[in-house]
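Here is a short tour for anyone who likes to see how protein chains and DNA sit together. Please have your viewer ready.

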Number of protein chains: 2
Amino acid sequence: MNALLLENQVCFAVHAASRALDGFYRRQLAELGLTYPQYLVMLVLWEREPVTVKELGVALRLDSGTLSPLLKRLEAAGLVRRERNASDERSVVVRLTEAGTELRQSALRVPEHVANATGMHLSELADLHRTLGRMTQALTEAT
Amino acid sequence: MNALLLENQVCFAVHAASRALDGFYRRQLAELGLTYPQYLVMLVLWEREPVTVKELGVALRLDSGTLSPLLKRLEAAGLVRRERNASDERSVVVRLTEAGTELRQSALRVPEHVANATGMHLSELADLHRTLGRMTQALTEAT
DNA sequence: TGTAATTCAATTGTGCACAATTAAGTTGCC
DNA sequence: GGCAACTTAATTGTGCACAATTGAATTACA
């Protein structure tokens, strides 16, 4: 077996799956006016608002180079507000606007659509979730 | 269970795994002077050269908007040559240079390093590969 | 108290991804 | 032969990802 064969590389399978998922979300989220990474940010906000940019970065493993312009676009779309923390001027707190809060209702049906589109059983998805989590953890810690 | 909880979403697990893998490859491939997508293109070329841009797009599921600038960077790095097909001027054929061919030797050890870094057994990786392939297929076909 | 180290966000620059469009070339069909 | 339909790359524009740097603010501590 040739180690360099594209078909043999799990890396490519992960990469391709990620893009396929991204593409599916793009179609689903178009009517909400969100991209996939913007949707991920909104998920965190719907869970526990307000959050700082720092906290968003930890939750999503993204840095400010990605988050700053993304949050500006969400702000321009009227879904979030950003304000400096009065007690620590270094940190920026992100809050939902009313429109941002309301968007949650429209987003509720998305996960089910995606789960259906994968053609997999919930138990398989749970397995996959667990396996990928373990792999991500190991890769993050590896040199 | 809250369907919109970030932790419950397989989508995020796939997304995060893809980026973790990308990051690990970035470190591994830095000394070869390749990015991860460039490495994927080189894998195809090492397998079956020459190939057209079209064929690369099919193999990697990427369009010319991604491939054209990427191939120009590989050409600027002296790893590939691009030339129009004489019999069909629409198609561009990509070939390895000598340096591009030789780079394969240095790339041979990369897959093993990655496999180790995932902390998973080969059988688990094979399972994961199969599962993701199935999911990607289903998502691509879904509306 | 004053300074060094740290924290946090923003910015800059490079590269990937994809939609939409453009342009050139080929093929099919009358 | 001539025109319509199709194929193939390239380009343009938008957005994500991350490294490196900058700058402001806070904290630690000598």
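What follows covers the DNA contacts, one helix and the relation between two chains.

This is a predicted model, in which local features need pLDDT of at least 70, side-chain atom pairs count only at pLDDT 80 or more, and totals for chains, interfaces and linings use all residues. Residues are numbered from 1 along each chain as its sequence is written, chains are lettered from A and ligands numbered from 1 in the order in which they are written, and side-chain values use heavy atoms, leaving out hydrogens and water.

Let's start with DNA strand D. It is surrounded by 29 residues (near means a heavy atom within 4 Å), and Lys72(B) and Arg73(A) are among the closest. Of the strand's atoms within 4 Å of the protein, 81% belong to sugar or phosphate. The table lists polar side-chain atoms and their distances to a phosphate oxygen of DNA strand D (polar contact: N or O atoms within 3.5 Å).

| Residue | Distance to phosphate oxygen |
|---|---|
| His15(B) | 2.7 Å |
| Ser68(B) | 2.8 Å |
| Arg82(B) | 3.3 Å |

How many residues of α1(B) are buried? The count is 16 of 20, so this helix is largely enclosed by the rest of the structure (buried is under 20% relative accessible area, with a 1.4 Å probe and protein chains only).

Finally, chain A can be laid on chain B with an RMSD of 0.0 Å by a turn of 180° and a shift of 0.0 Å along the axis (least squares on C-alpha atoms of residues with pLDDT of at least 70 in both). The two copies are thus related as by a two-fold rotation axis. In chain A, Ser18(A) comes closest to that axis, at 3.2 Å (C-alpha).

Notes:
Polar contact = N/O pair within 3.5 Å; in protein donor to acceptor, adjacent residues only side chain to side chain. Buried < 20%, exposed > 50% of the residue type's maximum accessible area, 1.4 Å probe, protein only. Helix = DSSP H or I, 4+ residues; strand = E, 2+ residues; numbered from the N terminus.
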